[in-house]
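Trainee: Could you take a close look at one part of this model with me? I would like to follow it from a single buried or exposed side chain out to the pocket and the surface.

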Amino acid sequence: KAVVSTQSTGDLMHTPPHVLADRVLGRLAVLCEDNPGTDFIFNSILHTNLGAWLNNAVDTFNQIVYYKLSLGQRNLLFFDSHDILMKWGCRDVVDPAGDGIMITQQAKNIVTKELSNALRYVLSRRRGDKALPAALRGWTWPLREDL
C-alpha cells in the first residue's frame, strides 16, 4: 500500500511554517510508525503568486518536512513537485485567472503523471521486483539539490 499526502498552501497563510510543520510531522510520524507496511509519499507545497513572504513560508515548511521526517522514516518519501515542474520546463505554474494559489492544468497534469510514476516506483520496490517497469527506466526521484 501507498498513501500520497500534501498540505494546503492556504494553511501557511494562517499558521507559521514551524507550527504547521510540527503538526504535520506529528501526524505523519504516528501514521508511519503505526503502518510500517505502508509507504507514505509527502508531496511538497508549491510557490504561489501571493508574495515572497508566503513562498518563504512554503520553502521553510518543505525543508522542515524533508529534513526532520522523511530522512528519518524509512516508509516516508518526500516528493518535490517544484523540481518536477522545473525539469519539465513548466514555468507558468500558478493559474493567472485563479486566486494566486491554484496551479495551471498543465502543472496539475505533470504532477499527477510524475506522482503516478512515483507510486509505480514505490510499489515495484515494495514487491521486490528486480527491475523497474519499462516506463520508469531513466526516471529519477524528484528532489532539488538545494532543498
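Mentor: Ile-64 sits in helix H3, which covers residues 52-70. Bear in mind as we go that this is a predicted model. Ile-64 has a relative accessibility of 10% and is therefore classed as buried, since that category takes in values under 20%. Val-30 makes a handy reference point: 34 residues separate Ile-64 and Val-30 in sequence, and their C-alpha atoms are 17 Å apart in space.

Now let's turn to the surface. A nonpolar patch there is made up of Met-13, Leu-50 and Trp-53, and together these residues have about 280 Å² of accessible area. Met-13 belongs to helix H1. With a relative accessibility of 35%, Met-13 falls between the 20% limit for buried and the 50% limit for exposed, so Met-13 counts as partly exposed.

Helix H1 also leads us to the largest pocket, which holds about 280 Å³ of space. Helix H1 (9-14) and helix H5 (105-127) are the elements that each contribute two or more residues to its lining. In total, 16 residues line the largest pocket, and those nearest its centre are Thr-6, Gln-7, Thr-9, Leu-46 and Ile-103. Sorted by class, the lining of this pocket comprises nine polar residues, six nonpolar ones and one charged residue.

So here is the picture to keep while you turn the model: Ile-64 is buried in helix H3, Met-13 of helix H1 is part of the nonpolar surface patch, and helix H1 also helps to line the largest pocket.

Conventions. Residues numbered from 1 in each chain as written. Predicted model: local features only at pLDDT ≥ 70, side-chain atom pairs only at ≥ 80, totals over all residues. Heavy atoms only, no water. 1 Å grid on protein atoms, 1.4 Å probe; cavity = no way out; pocket = protein on both sides within 12 Å on 5 of 7 lines; lining within 4 Å. Points joined across faces, edges and corners; volume = space filled by probe spheres on them. Helix = DSSP H or I, 4+ residues; strand = E, 2+ residues; numbered from the N terminus. Nonpolar A, V, L, I, M, F, W, Y, C, P; charged D, E, K, R; others polar. Patch = residues over 30% accessible without salt bridge, like charges linked within 9 Å, V, L, I, M, F, W, Y side chains within 5 Å. Areas by Shrake-Rupley, 256 points an atom, 1.4 Å probe, with all protein chains shown as cover. Salt bridge = Lys/Arg side-chain N within 4 Å of Asp/Glu carboxyl O. Buried < 20%, exposed > 50% of the residue type's maximum accessible area, 1.4 Å probe, protein only.
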